[in-house]
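Open the model in your viewer and keep the sequence panel beside it. This tour goes stop by stop, telling you what to select and what is there.

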Amino acid sequence: MRNLMQKSALVLSLFAAGAVPALAAGSEDEFKAAYAAAEAANKEAGKLRNQWTTTANTLAAAKKAADAGDFDKATASAKEAEALAKASIFQATSEKTRWKDLEVR
Amino acid sequence: MKLRSAIFLASATIALAALTLAGAPLLAADDKIDPVADAKAFQKFFRDKFPKVKFEDFVNGPYSMNEDLYRQWQEKEQFPPYEFSLEMGKEMFSKPFKNGKTYADCFPNGGIGIRQNYPYFDEKEGKVITLELALNRCREANGEPPYSYVKDEMAALTAYMAFTSRGKPMDIKIPNDPRALAAYENGKEYFYTRRGQLNFSCATCHVQSPGERIRAEVLAPALGIVNAMPIYRSEWSGMGTTSRRFTTCNSQIRAVPLSPQDDEYRNVEYYLSYVSNGLPISGPGARP
């Protein structure tokens with residue numbers, strides 16, 4: 001019990017000593033990972049010649065939020081960009097055969 | 001018993017194989033690239049969909065779909081908004097390059113009355129050559145920098161070349177070359193492929209919905225849409241080329257546009273022009 005109290009005190013003192021930025025750095029890492037995943041998916045969409053303007057806009061919004069230090073918002077935007085890029089990949093892949101359904105014959 | 005089963009199994013296998021083989025030519029025939037049949041079906045589709053529209057009127061885009069717009073357009077044609085560009089193009093066309101040559105030296109018949117033959121398939125290069133591309137290549141071959149593909153000078157030059165070809169029927173050839181057929185087919189695929197976040201293909205607007213409104217615009221039919229190029233668009237407050245039309249269409253459906261004159265755009269222009277064969281050149285045009 002005493003040990004636990006000592007540990008709690010240590011955590012509190014770390015907060016007091018300005019360890020909060022260390023937690024924010026964790027959030028920045030999360031953003032970086034989400035952003036890299038989104039960029040990779042968008043690059044794949046580019047190889048399929050099917051990028052969406054909304055993916056680029058959402059990636060830009062993620063970068064802007066990260067530059068302002070709002071990593072929660074930045075991470076959310078990066079994840080949204082990745083979802084958009086993946087949707088564009090799905091579209092390009094499925095349209096490889098589906099386009100024929102629209103053809104005038 | 002075992003023998004009977006074996007015979008039954010063998011018979012079933014042979015029957016399945018025969019069915020598969022019989023089905024193969026059907027599939028192959030279905031997938032065969034047949035531009036003549038495509039153009040016939042494409043033109044029939046629009047004639048059937050709009051029985052009141054005269055065939056040659058399809059080149060007038062949204063005006064052929066809407067009587068009020070048609071009347072407004074006829075009045076607008078008294079003082080057409082593309083006139084300044086046409087004059088500029090005429091002047092540019094005859095002005096010699098620094099080396100003394102002119103655009104006329106780069107084109108058959110001195111570049112006059114030839115719009116209906118573009119784009120064409122260059123068998124040496126193995127690619128589609130559009131009029132815009134040929135103009136910039138002419139400039140570069142004569143030591144001049146290329147123009148932007150989307151507006152201003154390029155629109156002016158193509159406006160003049162289209163004007164000298166007005167009334168001539170579109171006459172696109174597909175040589176007996178598998179690469180030409182592949183370019184045509186790739187253009188067709190591009191035309192019908194949905195893209196962008198809005199999940200639209202070119203056909204969504206210009207085959208499925210011509211005559212319908214998309215916001216304030218009346219959509220033009222795909223048949224003859226390239227015959228009117230380049231166009232003055234009130235929405236742009238200026239002239240635009242075929243390249244501009246393709247790239248802005250892509251942006252409007254939230255797809256990142258390709259670069260003007262990328263293979264996809266050259267191929268889709270080849271396809272669209274071929275299926276519009278027989279319709280008169282009406283460019284330069286004016287659109288809302």
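Start on chain B, in the loop between strand S3 (213-214) and S4, and select Arg215(B). This is a predicted model, so treat each stop as a computed feature. Arg215(B) is not a glycine, yet its phi is positive, at about 55°. Is Arg215(B) buried or exposed? Its relative accessibility is 82%, so Arg215(B) counts as exposed.

**A matching stop on chain A**

Now select Arg49(A). Look for it in the loop between helix H2 (20-47) and helix H3 (53-67) of chain A. Arg49(A) is another residue other than glycine with a positive phi, here near 60°. Its relative accessibility is 40%, so Arg49(A) counts as partly exposed.

Keep Arg49(A) selected and add Asn50(A) and Gln51(A); these residues help to line the second largest cavity. From the other chain, add Tyr190(B), Arg195(B), Asn250(B), Ala255(B), Val256(B) and Leu258(B) to complete the lining. The volume of this cavity is about 40 Å³. By class, its lining has four nonpolar, three polar and two charged residues.

**Chain B as a whole**

Zoom out and colour chain B by secondary structure. How many helices and strands does chain B have? Expect 10 helices and seven strands. Chain B has 288 residues, and 51% of them count as buried. Take the contacts in chain B with a separation of 6 or more: 70% of them join residues 24 or more positions apart.

**The annotated position**

Select Cys249(B). UniProt, in an unreviewed entry, places the feature "active site" here. Cys249(B) sits in helix H9 (residues 242-252) of chain B. With a relative accessibility of 25%, Cys249(B) counts as partly exposed, because that class lies between the 20% limit for buried and the 50% limit for exposed.

**The largest cavity**

How many cavities of 30 Å³ or more does the structure hold? There are three. The largest has a volume of about 80 Å³. To see its lining, select Arg115(B), Leu131(B), Glu132(B), Thr158(B), Met229(B), Pro230(B), Thr241(B), Thr242(B) and Glu269(B). Sorted by class, that lining has three nonpolar, three polar and three charged residues.

Stay with two of the lining residues, Met229(B) and Pro230(B). The peptide bond from Met229(B) to Pro230(B) is cis, with omega near 0°. Pro230(B) lies in the loop between strand S4 (217-218) and strand S5 (231-233) of chain B.

**Another cis bond**

Move along chain B to Gly283(B) and Pro284(B). The peptide bond from Gly283(B) to Pro284(B) is also cis, with omega near -5°. Pro284(B) is in the loop between H10 and strand S7 (285-287) of chain B.

**The nonpolar cores**

Hide the surface and show side chains. Which residues have the most contacts inside the largest nonpolar core? Select Phe42(B), Phe58(B), Phe191(B) and Tyr192(B). This core has 44 residues. Helix H2 (35-49), helix H3 (67-76), helix H7 (178-192) and helix H10 (263-275) of chain B each supply at least two of them. H10(B) gives the largest share, seven residues.

Centre on Phe58(B). Leaving out residues up to four places away in sequence, Phe58(B) touches Phe46(B), Arg47(B), Phe50(B), Val53(B), Ser64(B), Met65(B), Pro221(B), Leu223(B) and Leu279(B).

Then find the second core. This separate core has 27 residues, including Ile114(B), Ala134(B), Tyr149(B) and Ala156(B).

**Last stop: a strand residue**

Select Lys127(B), in strand S2 (residues 127-129) of chain B. Its relative accessible area is 32%, so Lys127(B) is partly exposed. What does Lys127(B) contact, leaving aside its neighbours within four places in sequence? Pick out Tyr120(B), Phe121(B), Asp122(B), Asp263(B) and Arg266(B).

Finish with a distance. Draw a line between the C-alpha atoms of Lys127(B) and Asn267(B): it should read 8.6 Å. Along the chain, Lys127(B) and Asn267(B) are 140 residues apart.

Notes. Residues are numbered from 1 along each chain as its sequence is written. Chains are lettered from A and ligands numbered from 1 in the order in which they are written. Side-chain values use heavy atoms; hydrogens and water are left out. A nonpolar core is a set of buried Ala, Val, Leu, Ile, Met, Phe, Trp, Tyr and Cys residues joined through side-chain atoms within 4.5 Å. Buried means under 20% relative accessible area, exposed over 50%, partly exposed in between (1.4 Å probe, protein chains only). Helices (H or I, at least four residues) and strands (E, at least two) are DSSP runs, numbered from the N terminus. Contact means heavy atoms within 4.5 Å. On a 1 Å grid over the protein atoms alone, a cavity is a set of points where a 1.4 Å probe fits but cannot get out, and a pocket is an open set with protein on both sides within 12 Å along at least five of seven lines; lining residues have an atom within 4 Å of a point. Grid points are joined across faces, edges and corners, and a volume is the space filled by probe spheres set on the points. Ala, Val, Leu, Ile, Met, Phe, Trp, Tyr, Cys and Pro count as nonpolar, Asp, Glu, Lys and Arg as charged, and the others, Gly among them, as polar. UniProt positions are given in the numbering used here, feature names are shortened, and annotations may be inferred rather than shown by experiment.
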